[in-house]
Amino acid sequence: MAKTILVAIDLLEDDRIHRMVKDIQFLARKADHYFHFVTVMPNLRSLEAYGLDCDSPSVIEKKHQAVILLTEKLAHCVQQQFQLPKEQYQCHALIGTPNYNILELANKMDVDTIVIGSSSRNRHNILLGSTADYIVNNTNCSVLVIR
């Protein structure tokens, strides 16, 4: 049975990405598993943090350019870190609130499982970070949280 898996990647969290590699490679051993990698940049003010240079004066063009550059950056990360066959995955980049955008894409792609990293930084989310906590509590599909 084919399985569709959404993997949420925070490109600003190298340690979290490294912790996900072995689990994703394990899941990828089944050739019928298909992956949708997604990264979400919170807003256009985050361009510099992501190392993106969008020189368009138009906000709409800048957003479009940022999504293209962010998708390329994610694709490079997936190729370098996860080393999956290109026919086994697709990359998506979005701009907005991570938890809502991840769930929206998961629903759109009708995924079976969401894989997300977590690194809780406050005492209110002891077990999960806020995005992972939101995903776990607001989806109907399985969620694999990697710490």
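Q: Are phenylalanine 37 and phenylalanine 82 buried or exposed?

A: In this predicted model, phenylalanine 37 is buried, as is phenylalanine 82. Burial is read from relative accessible area, with under 20% as the cut-off.

Q: How many aromatic pairs does a search of the whole structure find?

A: The search returns 4 aromatic pairs.

Q: How is the pair of phenylalanine 37 and phenylalanine 82 to be described?

A: A pair of aromatic rings is characterised by two quantities, the distance of the centres and the angle of the planes. For phenylalanine 37 and phenylalanine 82, the ring centres are 5.2 Å apart and the planes stand at 40°, so the pair is classed as tilted. Phenylalanine 37 belongs to strand β2 and phenylalanine 82 to helix α2 (residues 59-82); with these positions 45 residues apart, the pair links distant parts of the chain.

Q: Which geometry does the pair of phenylalanine 37 and tyrosine 89 adopt?

A: That pair is edge-to-face, with 5.8 Å from centre to centre and 90° between the planes. Because phenylalanine 37 lies in strand β2 and tyrosine 89 in strand β3, the pair ties together parts that are 52 residues apart in sequence. Phenylalanine 37 and tyrosine 89 are both buried.

Q: Which residues form one aromatic cluster?

A: The cluster is formed by Phe35, Phe37, Phe82 and Tyr89.

Q: How many disulfides does the structure hold?

A: A disulfide is assigned from the distance between two cysteine sulfur atoms, which must be within 2.5 Å. The structure holds 0 disulfides.

Q: Why is cysteine 91 not bonded to cysteine 77?

A: The closest cysteine sulfur to that of cysteine 91 is in cysteine 77, and the two are not bonded because 8.5 Å is too far for a bond. Cysteine 91 has a relative accessible area of 14% and is therefore buried. Cysteine 141 is likewise in no disulfide, its nearest cysteine sulfur being that of cysteine 91, 19 Å away. At 18% relative accessibility, cysteine 141 also counts as buried.

Q: Which residues of helix α3 are buried?

A: A helix can be read residue by residue, and then by what its buried residues pack against. In α3 (residues 98-108), the buried residues are Asn99, Asn101, Ile102, Leu103, Leu105 and Ala106.

Q: What do the buried residues of α3 pack against?

A: They pack against four strands, β1 (3-8), β2 (33-41), β3 (89-95) and β4 (113-117), and against helix α4 (130-137).

Q: What is the phi of aspartate 110, which follows α3?

A: The phi of aspartate 110 is positive, near 50°.

Notes. Residues numbered from 1 in each chain as written. Predicted model: local features only at pLDDT ≥ 70, side-chain atom pairs only at ≥ 80, totals over all residues. Heavy atoms only, no water. Buried < 20%, exposed > 50% of the residue type's maximum accessible area, 1.4 Å probe, protein only. Helix = DSSP H or I, 4+ residues; strand = E, 2+ residues; numbered from the N terminus. Contact = heavy atoms within 4.5 Å. Phe/Tyr/Trp six-rings, centres within 6.5 Å; stacked < 30°, edge-to-face > 60°.
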